[in-house]
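Please open the model in your viewer and keep the sequence panel beside it, since the stops below are given as selections to make in turn.

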Amino acid sequence: MHEAEAERLIERAYAAWDAEDWRTAAGLLEQVLAHHPDAPRSAVWWYDAALAHKFLRDWDKAYALGREAAARAPRGEGDPAYWNLGIAATIQRDWATARDAWAGFGIPLPDGEGEIDARLGAACVRLDTGGEREVVWIDRLCPTRGRVMNVPGSRGRRFGEVVVHDGEPKGRRVVDGREYPVFDELLLFESSALPTFTVTVHAGAAADMEELTDLFSGHGYGAEPAGSFELLCACCSEGTVERERAVHAGTQRVFLAAPEEEARRLLARWAGEASGPVGGGRRWEGLEAVC
């Protein structure tokens, strides 16, 4: 392929890019790279071709082209070629390549082999639930994976599942003065076996509700008062949202993540520890399966 023809294809590729026609853009870039893999600008072309396939959720191609892009990127300088390769390698479960990609980006991780479990702290992920978009808290297992620590209200999503998320924050949550990034979900990486139930509970005091959530979390399960859910428009959700941690007394709906027998046992234990006057304290009723 002559240089003039390559330039024409590159021009068409970036016109398609501007139109967000990722498939056409990637295909044209790949045509040029097949003949000019190490041209002076090839590192950018490899990166953009890999990125286009990431946008298309074609993880095989994003991985293959991402390896080429990272091979031409400087190490330890935060080059995004390594981040995108880290995502694609994680989805492919190529842990050795993922570890090397995070190191290449400049993120230190504990030494080891196999699946990464680095525990990088809390963050939020905006779940893609097919029309609904729910923000949940995660425990970050690596730079691009997190375990869901809320009981989602969206049908089909579960407490304890592991998701892969993008690297660019789309919003912030500020809780008790501390700021956390909100990432967009890319895919469900590992499902959860814990079913979701709803139950109506009466908590005579806010401390009663706190004890219910602590009881479930202490056994590795989840309890989420419906009052903790907040509806936001897309613009607000992708902005900075400040709130304080709070639980409330009274009758309310609670989402639970636990096997049914365990949910009933823990609810009975919680209610049995009720105190206060008759008609106060703690009660529950109407345990129903959600998913």
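Begin by selecting helix α2, residues 22-35, together with helix α3, residues 42-55, which in this predicted model pack at an angle of about 145° with their axes 9 Å apart. The crossing of these two helices is left-handed. To see the contact itself, show the side chains of W22, A26, L29, E30, V32 and L33 on α2, and on α3 those of S42, W45, W46, D48, A49, A52, H53 and F55. Coloured by class, this contact of α2 with α3 has ten nonpolar, two polar and two charged residues.

Keep α3 on display and add α1, which packs against α3 at an angle of about 35°, with the axes 12 Å apart. Here too the view to look for is a left-handed crossing, α1 passing α3. From α1 the contact takes I10, Y14 and W17, while α3 supplies V44, W45, D48, L51, A52 and F55. By class, the contact of α1 with α3 has eight nonpolar residues, no polar ones and one charged residue.

Two of the α1 residues deserve a separate selection. Y14 and W17 both lie in helix α1, residues 3-18, where they are three residues apart, or about one turn of the helix. How exposed are the two side chains? Y14 is partly exposed, with a relative accessible area of 23%, whereas W17 counts as buried at 16% relative accessibility. The model holds eight aromatic pairs in the count. One of them is formed by Y14 and W17, a tilted pair with 6.4 Å centre to centre and 50° between the planes. If you now add W22 and F55 to the selection, you have one aromatic cluster made of Y14, W17, W22 and F55.

Next, hide α1 and α2 and bring up α5 beside α3. These helices pack at an angle of about 35°, their axes being 11 Å apart, and their crossing is left-handed. The residues to show are Y47, L51 and K54 on α3, and P80, A81, N84 and I87 on α5. Five nonpolar residues, one polar and one charged make up the contact of α3 with α5 by class.

Stay with α5 and select W83 together with F105, an edge-to-face aromatic pair with 4.9 Å centre to centre and 75° between the planes. Because W83 lies in helix α5 and F105 in helix α6, the pair ties together parts that are 22 residues apart in sequence. W83 counts as buried at 15% relative accessibility, while F105, at 22%, counts as partly exposed.

From here, widen the view to the interior. Which members of the largest nonpolar core touch the most other members? Of its 42 residues, they are W45, W59, I87, W102, I116 and V164. The largest share of this core, eight residues, comes from helix α5, residues 80-91. Centre on W102 and display its neighbours: leaving aside residues up to four places away in sequence, W102 touches W83, G86, I87, T90, I107, L109, I116, P143 and T144. Apart from this core lies another one, of 23 residues, which includes F159, V199, A203 and F255.

Two backbone positions come next. Select R93, in the loop between α5 and α6 (95-105), where phi is near 60°, a positive value in a residue other than glycine. R93 is partly exposed, with a relative accessible area of 46%. Then move to R119, in the loop between α6 and β1 (121-128), which also has a positive phi, of about 50°, although it is not a glycine.

The last stop is E185, in strand β6, residues 178-190. Is this side chain buried or exposed? E185 is buried, its relative accessible area being 7%. Show its surroundings by selecting R57, V125, R126, L127, D128, R157, V163, V164 and H165, which E185 touches when residues up to four places away in sequence are not counted. Finally, draw a distance from E185 to V135: the two are 50 residues apart in sequence and 9.6 Å apart in space, C-alpha to C-alpha.

Notes: Residues are numbered from 1 along each chain as its sequence is written. This is a predicted model: local features need pLDDT of at least 70, side-chain atom pairs count only at pLDDT 80 or more; totals for chains, interfaces and linings use all residues. Side-chain values use heavy atoms; hydrogens and water are left out. Axes are lines fitted to C-alpha atoms, for helices over the stretch in contact, and angles run from 0 to 180 degrees between N-to-C directions. Helices (H or I, at least four residues) and strands (E, at least two) are DSSP runs, numbered from the N terminus. A crossing is left-handed if the near helix is turned anticlockwise from the far one by less than a right angle, and right-handed if clockwise. Contact means heavy atoms within 4.5 Å. Ala, Val, Leu, Ile, Met, Phe, Trp, Tyr, Cys and Pro count as nonpolar, Asp, Glu, Lys and Arg as charged, and the others, Gly among them, as polar. A nonpolar core is a set of buried Ala, Val, Leu, Ile, Met, Phe, Trp, Tyr and Cys residues joined through side-chain atoms within 4.5 Å. Buried means under 20% relative accessible area, exposed over 50%, partly exposed in between (1.4 Å probe, protein chains only). Rings of Phe, Tyr and Trp (its six-membered ring) pair if their centres lie within 6.5 Å; planes under 30 degrees apart count as stacked, over 60 as edge-to-face and the rest as tilted.
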